[in-house]
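Q: Please pick one helix in this structure and give me a close look at it. Then follow the links and packing outward, and explain the terms as you go.

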Amino acid sequence: MFIPDIGFGAMRVFMALLMVFWALVSLEGVISHGVQPLSRIAIHKTVFAIDNDAYIKASPSILGINEQNKEWVTLKYENPRPSNDDWIGVFSPSNFSSSTCLPENPRVGSPFLCTAPIKYQFANYTSPKYKHTGKGSLRFQLINQRSDFSFGLFSGGVLNPKFVALSNTIAFANPNAPVYPRLAQGKTWNEMTVTWTSGYDISEAEPFVEWGPKGEKQKRSPAVTLTFDRNSMCGAPARTVGWRDPGFIHTGFLKELWPNSVYTYKLGHKLFNGSYIWTRTYKFKASPYPGQNSLQRVVIFGDMGKDEYDGSNEYNNFQRGSLNTTKQLIDDLKNIDIVFHIGDICYANGYVSQWDQFTSQIEPIASSVPYMIASGNHERDWPGTGSFYGNMDSGGECGVLAETMFFVPAENRDKFWYSTDYGMFHFCIADTEQDWREGTEQYKFIEHCLASVDRQKQPWLIFLAHRVLGYSSDYSYAIEGSFAEPMGRELQKLWQKYKVDIAMFGHVHNYERTCPVYQNICTNKEKNFYKGSLNGTIHVAAGGGGASLSEFTTIKPNWSIYRDFDYGFVKLTAFDHSNLLFEYKKSRDGKVYDSFRISRDYRDILACTIDSCPSMTLAS
């Protein structure tokens, strides 16, 4: 470690500019539903203040001896001058000094530290007497992230960090191991994809999936490999303090699946010395044939994010509900067939390490059922990158992380809109971060997606997107007088024309269900059991997956049936072509707090409603 050799005057200017930058980052975070916990750390201001009487020791030194990709580490530490704002950060790679990054230009040296920690805890978190004794202990849960780890003890709080002590280095036995498989529907109904992360480039090893029907002979399918570098990012912090090598992202394509059959799979890398690296064996159930009559269960939510089981960053309370939502889905996994996470995936906001932690968090779900995502503002938005909105919510990621870390069956993943079938369901997934208005490429996709479904075979037509394009009485929309995204309702005539049953959105961190509605008017007076035609579309905000909750306006519009200021998710159950159950469950207990049923015949879908059929005369 070393202190950069720059002049005092230059340092003052440099620090002043950095403080302006961090103020802007923090302000944007507040505007966009919360501050990324790691953005609170003014890492550029770190001062080298090693105290020879302070120490920090981490154990065990080798993790994952039995091929685990997640392990607990215990820290013991002592500081002769303790304070309640002392904190301990987890760094990976373990060498996190400024020697690992270059200065922005020859006149200004690089800061003492140039990499934010992966996470942190305060030194007194589980040692309340630390302020008086200077001694403490903590437990961190680490995941395999392709590099070694070290821990730094800091005084001065997160705004004026002073580096006091450095721990020993610890590492996983095989840091390059394939980890965190995530399934997704392919471009056809009988194709499943599996994406995973590893430290192996194709120049070092050949990635593949070994898979087949459960209990039968297995075969191998090759995987494609993608990655990106710092220059792929669009701005700070993604290309500065938030940057971390993402490793390599592999995707295998499992084709010609038998409907509803159970398959097993494991991920492999064949090294060029002839040896193999394997994961454990996983299993999934193939999708039903489009239109197939069987029990089909879908979970939908937005804005979940990630949180830390070890309590790290907990004082920020940014994504309090995410672990509860994750737990409820894991506990009920045998009753879930497919998951849709409709935007604001992990709120990395430019801190690239958070994507590994999120994929680790959802692994029990995503390795067993298709985990489909939509693009949100915290994945895509950045000025000058084609975003419909000119804000900075992605922290400089500008869609690169989401488009690479997860597979979606889009024709072009930079245009993050797609359709997918699951039995009696047809889903049209839009990208609200790119222009959807009439005449655009995406508008044409949406109309084609809605128009092309055979409602006799797939009666349940669902529209999904991140920002609310229909109806919401969230405070943020109410104060601007739009009760939804401005211009969003340009799609209403499409929903009405093609008789979309449910349009579901995230972005607002709460739950709200409307009546079947068209042009602000309820088209059906029923609230819980709909028979026959809805005559409109039911709109649902389901953005309470985990991130900090958002208030409703005190005014409850006439189209709003149920509102809940809490964390939760939606579950759709299709029993057959005529009966659908909608349930809203809270993340705290998994119990149902709002529900309705739809019961109808095919002729009910054919019936004309307002603006759903062209006008005719006898002459025509």
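A: Here is a walk that starts at one helix and moves on to the disulfides, the cores and a few backbone oddities.

First, some ground rules: this is a predicted model, so local features need pLDDT of at least 70 and side-chain atom pairs count only at pLDDT 80 or more, while totals for chains, interfaces and linings use all residues. Residues are numbered from 1 along each chain as its sequence is written, and side-chain values use heavy atoms, with hydrogens and water left out.

Our helix is α8, which covers residues 441-451. Names like that come from DSSP runs numbered from the N terminus: helices are H or I with at least four residues, and strands are E with at least two. Gln-442, Tyr-443, Phe-445, Ile-446, Cys-449 and Leu-450 are the buried residues of α8. Here buried means under 20% relative accessible area, exposed means over 50%, and partly exposed is in between (1.4 Å probe, protein chains only).

Now look down the axis of α8: the buried residues fall within an arc of 160 degrees, so they line one face of the helix. That arc is taken from the directions from the helix axis to the C-beta atoms. There is a handy rule behind this kind of pattern: an α-helix has 3.6 residues a turn, so residues three or four places apart point the same way. On the other side of α8, Lys-444 and His-448 are exposed.

What does the buried side pack against? The buried residues of α8 pack against three strands, β22 (418-422), β23 (425-429) and β24 (460-464), and against the helix α10 (492-497).

The helix has a covalent link too. A disulfide is a covalent bond between the sulfur atoms of two cysteines, and the rule used here is a pair of cysteine sulfur atoms within 2.5 Å. Cys-428 and Cys-449 are joined this way, with S to S at 2.0 Å. The link is left-handed, at -95 degrees about the S-S bond. Cys-428 sits in strand β23 and Cys-449 in helix α8, 21 residues apart, so to speak a link between distant parts of the chain. Both Cys-428 and Cys-449 are buried.

The count comes to 4 disulfides by that rule. Another one of them joins Cys-234 to Cys-398, with S to S at 2.1 Å. This link is right-handed, with 80 degrees about the S-S bond. Cys-234 lies in the loop between β14 (219-226) and β15 (248-254) and Cys-398 in the loop between α6 (377-380) and α7 (400-405), so the pair ties together parts 164 residues apart in sequence. Cys-234 is partly exposed at 29% relative accessible area, whereas Cys-398 is buried at 7%.

Then there is the disulfide between Cys-608 and Cys-613, again with S to S at 2.1 Å. Its torsion about the S-S bond is about -100 degrees, so the disulfide is left-handed. Cys-608 is exposed at 55%, and Cys-613 is partly exposed at 29%. Compare that with Cys-346: the closest cysteine sulfur, in Cys-398, is 14 Å away, too far for a bond. Cys-346 is buried, with a relative accessible area of 1%.

On to the cores. A nonpolar core is a set of buried Ala, Val, Leu, Ile, Met, Phe, Trp, Tyr and Cys residues joined through side-chain atoms within 4.5 Å. The largest one has 74 residues, and Phe-340, Tyr-371, Ile-502, Leu-572 and Phe-582 touch the most other members. A second, separate core has 27 residues, including Ala-430, Leu-461, Phe-463 and Val-500. Contact means heavy atoms within 4.5 Å. Leaving aside neighbours within four places in sequence, the contacts of Ile-502 include Leu-461, Phe-463, Leu-572 and Phe-582.

Last, the backbone oddities. Ser-59 and Pro-60 are joined by a cis peptide bond, with omega about 0 degrees, and Pro-60 is in the loop between β2 (55-59) and β3 (62-63). Ser-92 and Pro-93 also have a cis peptide bond, with omega about 0 degrees; Pro-93 lies in the loop between β5 (87-91) and β6 (119-122). Met-487 is not a glycine, yet it has a positive phi of about 75 degrees. You'll find Met-487 in the loop between α9 (475-479) and α10, partly exposed at 42%.
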